[in-house]
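Here's a quick tour of one protein chain, residue by residue in places and helix by helix in others. Pull up the structure and follow along.

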Amino acid sequence: MTEKKGYAGNGFVHVKNPHLALMDEDILYHLDLGTKTHNLPAMFGDIKFVCVGGSPNRMKAFAQFMHKELGFEGDGKDVKDICAGTDRYCMYKVGPVLSVSHGMGIPSISIMLHELIKLLHHAKCRGVTIIRIGTSGGLGIEPGSVVITDTALDSFFKPQFEQIILDNVVVRSTELDKDLAEELLNCSKEIHDFPTMIGHTMCTYDFYEAAVVCVTLLNRLEGDQITIPHEVLLEYQQRPQQLISIFIKKRLGLYNQNNLLDNAFFLSN
């Protein structure tokens with residue numbers, strides 16, 4: 001998320017909806033949160049990184065991984081689901097990192113992003129980076145490769161997303177933050193176990209703002225069936241997490257290159 005897309009001039013997350021300030025209460029129904037029932041600035045005001053992904057279990061595992069990576073006490077196994085009062089999404093907070101599931105498909109993702117961005121706005125968060133981490137198929141690249149998206153393409157290979165708003169077709173650009181993509185690519189130089197590259201991602205009827213980091217599970221030019229053993233797939237799924245961990249720790253000034261072997265051991269267990 002860049003300043004021109006989501007920040008006010010003072011750095012706060014900004015929602016371009018003039019009616020929001022007039023509401024007596026804003027209930028974020030699908031997150032089981034609200035402006036009257038929760039002290040959102042106290043709960044989330046220190047958030048600097050939001051990582052989202054489809055699977056609830058994967059996002060819980062990522063929260064536990066970041067708990068260790070950021071040096072918090074304990075093993076992180078008791079990390080609490082902030083959205084436990086709803087069965088729509090899960091949300092875990094680890095220091096300045098928020099890990100959120102978004103389910104599958106446009107309605108699920110859109111509802112989560114809609115309420116998430118309002119949450120960051122109500123919490124008076126500043127300078128937030130939002131990154132999607134997940135899996136995808138690949139076109140012409142080897143399985144296990146990690147792709148940092150610079151542009152999302154629709155089914156017509158156009159870098160745009162069409163949305164119907166009040167009987168109007170609104171076309172939004174799907175070019176992501178290129179500076180953020182380059183920063184993530186530089187972080188990948190610290191990892192030598194798998195290839196990482198910047199590329200386009202075809203999103204058939206969905207898109208994401210800020211950065212997207214996915215690991216490919218197959219080369220669709222060679223077939224559409226995943227034949228890799230399950231344990232290898234699990235290791236592949238952890239590769240974007242390793243990259244994002246280094247990115248977050250570098251941003252926070254906590255990165256230590258000697259921790260790479262410890263990271264690989266933690267993820268494998």
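## Asp 177, just ahead of a helix

Let's start in the loop between β9 and α5, which is where Asp 177 lies. Keep in mind that this is a predicted model. Is Asp 177 buried or exposed? Its relative accessible area is 18%, and the cut-off for buried is under 20%, so Asp 177 counts as buried.

The side chain of Asp 177 has a partner in the backbone: it reaches the nitrogen of Leu 180 at 3.0 Å. There's also a neighbour from further along the chain. Ala 210 is 33 residues away from Asp 177 in sequence, yet the two C-alpha atoms are separated by 5.6 Å.

## Where α5 meets α6

Leu 180 turns up again in a helix pair. A pair like this is described by the angle between the two axes and the distance between them. Here α5 covers residues 178-188 and α6 covers residues 230-251. The angle between them is about 105°, and their axes sit 9 Å apart. Angles of 65 to 115 degrees count as roughly perpendicular, so that is the label for α5 and α6.

Who makes the contact? On the α5 side you'll find Leu 180, Glu 183, Leu 184, Cys 187 and Ser 188. From α6 come Leu 243, Ile 244, Ile 246, Phe 247, Lys 250 and Arg 251. Sorted by class, that contact has 7 nonpolar, 1 polar and 3 charged residues.

## Phe 247, at 0% accessibility

Phe 247 is a residue of α6, and at 0% relative accessibility it counts as buried. What does Phe 247 touch, once residues up to four places away in sequence are set aside? The list has Leu 180, Glu 183, Leu 184 and Cys 187, along with Phe 49, Thr 129 and Ile 131. Those first four are also named in the α5 side of the helix contact.

Leu 185 gives another handle on the spot: Phe 247 and Leu 185 are 62 residues apart in sequence, and 9.3 Å apart in space from C-alpha to C-alpha.

## Arg 239, a buried charge in α6

Helix α6 also holds Arg 239. Its relative accessibility is 10%, so Arg 239 counts as buried. Its side chain makes a polar contact with the side chain of Glu 235, at 3.1 Å.

Beyond its neighbours within four places in sequence, Arg 239 is in contact with Gly 144, Val 146, Asp 193, Phe 194 and Val 215.

## Two more side-chain pairs

Lys 118 belongs to helix α4, residues 106-122. With a relative accessible area of 13%, Lys 118 is buried. Its side chain makes a 3.0 Å polar contact with the side chain of Asp 26. Asp 26 is also among the residues Lys 118 touches outside its local stretch of up to four places, together with Val 15, Leu 20 and Leu 28.

His 30 sits in the loop between β1 (27-28) and β2 (33-34). What is the distance of the polar contact that joins the side chains of His 30 and Glu 115? It comes out at 2.8 Å. These two residues are 85 positions apart in sequence but 7.7 Å apart in space, C-alpha to C-alpha. Leaving aside neighbours within four places, His 30 also contacts Thr 86, Arg 88, Tyr 89 and Ile 111.

## Two positive phi angles

Two loop residues deserve a look for their backbone. Lys 124 isn't a glycine, but its phi is positive, at about 60°. Lys 124 lies in the loop between α4 and β6 (129-138), and at 54% relative accessibility it counts as exposed.

Leu 166 is the other one, with a positive phi near 50°. Its loop runs between β8 (160-165) and β9 (168-173). Leu 166 is exposed too, with a relative accessible area of 78%.

## The chain overall

Zooming out, the chain has 7 helices and 11 strands. It has 269 residues, and 47% of them count as buried. The chain exposes about 14100 Å², with carbon and sulfur atoms supplying 53% of that area.

What share of the contacts with a separation of 6 or more comes from residues 24 or more positions apart? The figure is 74%.

Terms used
Residues numbered from 1 in each chain as written. Predicted model: local features only at pLDDT ≥ 70, side-chain atom pairs only at ≥ 80, totals over all residues. Heavy atoms only, no water. Axes fitted to C-alpha atoms, helices over the stretch in contact; angles between N-to-C directions. Parallel < 35°, antiparallel > 145°, perpendicular 65-115°, else oblique. Contact = heavy atoms within 4.5 Å. Nonpolar A, V, L, I, M, F, W, Y, C, P; charged D, E, K, R; others polar. Buried < 20%, exposed > 50% of the residue type's maximum accessible area, 1.4 Å probe, protein only. Areas by Shrake-Rupley, 256 points an atom, 1.4 Å probe, with all protein chains shown as cover. Polar contact = N/O pair within 3.5 Å; in protein donor to acceptor, adjacent residues only side chain to side chain.
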